[in-house]
Structures are given as C-alpha cells and as structure tokens.
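Let's take a walk through this protein together. Have a look at the model first, and then we can explore its inner spaces and its ligand.

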Amino acid sequence: MTQDEAERRPLGGRTALVTGASSGIGAVVAQALAEAGARVGLVARRKDRLADVLARCRAHAPGSAMWTADLADLDGIDDLAAAVERELGGVDVLVNNAGMPKRRRVQDMSPGEAEEVVRLNYLSPVRLTQALLPGMIARGRGHLVAIGSVAARLGPPHEAAYGASKAALTAFWESMAVDLDGTGVRAHVVQPALIAGTELFTLPGNEEPLSDLSDALPPREVADAVLELVASGGFERYVPDWFAEMASGKAADVDAFVAGVKEWTRDRLES
Ligand SMILES: NC(=O)c1ccc[n+]([C@@H]2O[C@H](COP(=O)([O-])OP(=O)(O)OC[C@H]3O[C@@H](n4cnc5c(N)ncnc54)[C@H](OP(=O)(O)O)[C@@H]3O)[C@@H](O)[C@H]2O)c1
C-alpha cells in the first residue's frame, strides 16, 4: 500500500460492524467506514433498506455484508456475532449504533416501555460487545464504539428512559476503557446532540420533539467523530464539541441545571 493509499483508506484490510445501519446515522457511519477501506457488516431489521446501504458500501469495500436481526432479542446476539465473525473473519471496529427514543413524560410511560428502551439501547450493545470482545482480545486489537447521546450527561426532559439508557451505556464504556488497558482493544463513545436526516424524530409512539430541529447537524459529523476516535484512540467526543462545556457546567451545579431545564421545558410547551 502506498502512503497516499494508507492516508485515503486508513482502515484498509480491517473489518467493521455497524448496528442500526439501515437509516440515519448508522447508514452514514457504515459508508464512511467503507470509504476508509474497511469491509463493513451491517445489521438492522429492514432488509430492503440495509440492501441499499450495502450497495453503497460495496462500491468502496466489495467484501461488505449484511444481516437482518432484531437486536432487542438478546438471546439471538451470540449467534449473530458468530455468523459475523465467520463471514468477516473477525471484527476490528464495532459501532453500536442501533437505538430507539421514547419521548414522553415519566408519568405517561409504562414500565414495559422503559424496559424496551433499556433493552435495545443498553443491554443489547453490551451483549454484542461481550460476544465480540474475546476475538478482539485474542487478536490484540479492536475498537468498541458506542453511539451515546448528549442525553447521557444532560438528563433531557420527556426522555427519562432514553437518557438513562445512554447514561448506562456511557458508564459501562468508561469502566470498560480502563478494564481493557493493555489488551490492544479500545473503547470510544460519541455523544451526538441533534442530528438531521434520521428517523428518530418521526418514529410513531413518541411525542413531538421539544427541541428545535433547525439546528440539527448532518450525520456525517458523527461519522467523522467515529473515524477520529478510532484513529486517535480517544475516549469521548461530543457532536458538536461545545456540548462538553455544557456537561461540565451541569456537573458544577446540578440544581441550577435542573431549574434551567424546567424553565426551558415550560417555555417550549407554551410556544
Ligand atoms: N438523531 C439524533 O439527533 C441523535 C442524537 C443523539 C444520539 N442518537 C443516536 O444515534 C443512533 C442512531 O439513531 P438515528 O438518529 O440514526 O435514528 P434512526 O434513523 O431511527 O436509526 C435507528 C437505527 O436503529 C435500527 N434499529 C431500531 N430498532 C432496532 C432493533 N430492534 N433491532 C435492530 N435494529 C434496530 C433501525 O433499523 P431498523 O428499523 O431497520 O431495524 C435504524 O437503522 C441511536 O442510538 C440514537 O439514540 C441520535
């Protein structure tokens, strides 16, 4: 490989697996990884949508492949991971991206709905990670990426189960980053704010979003953060990055933060 090729395709010869690759952020991250040279595995439930993304990935990485699976079915994850490892010959970059919202107040949410969110957004990526980790450790390399959310650190209104699932994911990733020290396997988390061009804000069974979506950023910004973390080995990136200041401001005075969010929420509901 020439130096120019290595710069254009830094993941040449590597493999990646992206969950929730049939739309939104996952589809764009998968294509970006393929453009960077990785053979990419795609997972989601909708076969036709995955096939479109697969065709785009194969234009850059012909050995890319797809699997349809319901990742909320935790008992199916070990078999899925084994099938992916057989086909791709191991996974170098796992991007746990599949996720669901549940926009409603706690007093309007059933216990089953809270569990559904935590199962898909937290327990499922943990199970998939644990299934692929032994192979990464045996090869002495790997990147475990979680697509979290600023909700992990900033307790969003009307999204308690969602925020909790992303906070749990982030806490698991933080400890895992330390536990894996010396193995060659690294943990990374991307915390996006509002991202446009996804289906998250139009899924049925959710309230209208409180936030103004006109500020939303393109999904490519999340893909760039994933590529940057894999290259640098860093742990966490906010998209946009100034949300890091908001998170540290909150940590310095949580009471003031909660009071401010109450006021913001009242204003949004009245507007
Ligand atoms: N958009 C934002 O502003 C934003 C901000 C912060 C974080 N995020 C996070 O980014 C990730 C991607 O969200 P997005 O905005 O791109 O939304 P999206 O367009 O709705 O994408 C969600 C993806 O997850 C898949 N998925 C959902 N349930 C699944 C299941 N049970 N089994 C397998 N796959 C499943 C969907 O595919 P199928 O329906 O085909 O299964 C789809 O590919 C999520 O984790 C979300 O929390 C998004």
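Searching the whole structure turns up 1 cavity of 30 Å³ or more. Here a cavity is a set of points, on a 1 Å grid over the protein atoms alone, where a 1.4 Å probe fits but cannot get out. The largest cavity has a volume of about 50 Å³, counted as the space filled by probe spheres set on the points. Among the residues lining the largest cavity (an atom within 4 Å of a point) are Thr 19, Asn 97 and Leu 120. Helix H5, residues 111-139, gives the largest share of this lining, with 4 residues.

This is a predicted model, in which local features need pLDDT of at least 70, side-chain atom pairs count only at pLDDT 80 or more, and totals for chains, interfaces and linings use all residues. Residues are numbered from 1 along each chain as its sequence is written, and side-chain values use heavy atoms, leaving out hydrogens and water.

Now turn to the ligand. Which residues come nearest to the ligand? Of the 30 around it (those with a heavy atom within 4 Å), they are Arg 45, Arg 46, Asn 97, Tyr 162 and Ile 195. Some make polar contacts, meaning pairs of N or O atoms within 3.5 Å. A polar side-chain atom of Tyr 162 sits 2.5 Å from a ligand oxygen, and one of Arg 46 lies 2.8 Å from a ligand oxygen. The side chain of Lys 166 also has an N or O atom 2.8 Å from an oxygen of the ligand.

Key
A polar contact is a pair of N or O atoms within 3.5 Å; within protein, one must be able to donate a hydrogen and the other to accept it, and residues adjacent in sequence count only if both atoms are side-chain atoms. On a 1 Å grid over the protein atoms alone, a cavity is a set of points where a 1.4 Å probe fits but cannot get out, and a pocket is an open set with protein on both sides within 12 Å along at least five of seven lines; lining residues have an atom within 4 Å of a point. Helices (H or I, at least four residues) and strands (E, at least two) are DSSP runs, numbered from the N terminus.
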